[in-house]
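Work through the exercises below with the sequence and the 3D structure at hand. Try each task before reading its solution.

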Amino acid sequence: MSERTPRDDGSPDPFAEATTLDARSLRGLAHPLRIRILNLLQDRGPATGKTVSRWLDVSSASASYHLRQLETHGFIEEDPDLGTSRERWWRTRYEGYRFPEHLDAEEPELSTAVRMALAANWNETLAAAVNMWAAQPDGWREAQVMSGRGTELTLDEFTAFREEVRALFDRYARRTGAPGSRMVRIQFAAFPDPEDRSGDEGTDGGAGA
């Protein structure tokens, strides 16, 4: 997922084939299972509803319903080269999606629902990785990282930090097929501490009446 607008400086854009979400398409992702299905189709290629249900250990009816919702909102389409009269194969229409930041102000409830679905998906992926952490091969086991800390930043520093991290992500956003390479999931989040009220507007610090 990207929250940026398309680049205009000519540099490579790892989201060049992504779609840009709007209020309508946002509804299509407001469910953790749909995000998981979309990610799997992007990673593994076309699949049938039965295959998706097996991947996710859900019923065929549930998989079919969410596939239809993804189709309705423009994220996937039938693959005519693989489909038959008995079985429908689904493929993604885009490689990723952009999440314009203005949607947080224009569609706060929908954007929150999508971010909650993303968070649920990320948490599930992290939990699966933790379960396999100690069993990874030598080298790969030590290269894994879980890191978090608190710091104090101004808005300008926070913005600069975000852009530096994005640049690092972009630097490694590739699929080379190099010998010994593996797919690596990178999950990163940075946000004002929800318990910190120092930035609340209208707070005068006085005692209540």
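Four exercises follow, each with a worked solution.

**Exercise 1. Confidence**

Task: Find the average pLDDT of the protein, and examine residues 202-209.

Solution:
- Start with the kind of model: this one is predicted.
- The average pLDDT is 87. A score of at least 70 is reached by 87% of the residues.
- Now turn to residues 202-209, where the pLDDT is below 50. Beyond near neighbours in sequence, this stretch makes 0 contacts in the model.
- Where pLDDT is low, predicted coordinates should not be read in detail.

**Exercise 2. The sheet**

Task: Work out the order of the strands in the open sheet, and name its edge strands.

Solution:
- Take β2 (residues 47-48) and β4 (residues 89-92) to begin with: they pair in the antiparallel sense, over 2 bridges. T48 has W89 of β4 as its bridge partner.
- Next take β3 (residues 76-78): 3 bridges join β3 to β4, and the two run antiparallel. Here E78 stands opposite W90 of β4.
- Put the pairs together. The 3 strands form an open sheet in the order β2-β4-β3, with antiparallel pairing.
- The edge strands are β2 and β3, since each pairs on one side only.
- What holds such pairs together in general? Strands of a sheet pair through backbone hydrogen bonds.

**Exercise 3. A positive phi**

Task: Locate D57 and decide whether D57 is buried or exposed.

Solution:
- Look at the backbone: phi of D57 is near 55°. That is a positive value in a residue other than glycine.
- Place the residue: D57 lies in the loop between α3 (49-56) and α4 (60-72).
- Check the surface: the relative accessible area of D57 is 71%. The cut-off for exposed is over 50%. D57 is therefore exposed.

**Exercise 4. A nonpolar patch**

Task: List the residues of the nonpolar surface patch, and find which helix gives the largest share.

Solution:
- The members are W140, L153, F161, L168, F169, Y172, V184, I186 and F188. Together they have about 830 Å² of accessible area.
- Sort them by element: helix α8 (residues 155-171) gives the largest share, 3 residues.
- Pick out L153, which sits in the loop between α7 (140-143) and α8.
- The relative accessible area of L153 is 39%. Partly exposed covers values between the 20% and 50% cut-offs, so L153 is partly exposed.

Terms used
Residues numbered from 1 in each chain as written. Predicted model: local features only at pLDDT ≥ 70, side-chain atom pairs only at ≥ 80, totals over all residues. Heavy atoms only, no water. Pairing = 2+ DSSP bridges. Helix = DSSP H or I, 4+ residues; strand = E, 2+ residues; numbered from the N terminus. pLDDT = per-residue confidence, 0-100. Contact = heavy atoms within 4.5 Å. Buried < 20%, exposed > 50% of the residue type's maximum accessible area, 1.4 Å probe, protein only. Patch = residues over 30% accessible without salt bridge, like charges linked within 9 Å, V, L, I, M, F, W, Y side chains within 5 Å. Areas by Shrake-Rupley, 256 points an atom, 1.4 Å probe, with all protein chains shown as cover. Salt bridge = Lys/Arg side-chain N within 4 Å of Asp/Glu carboxyl O.
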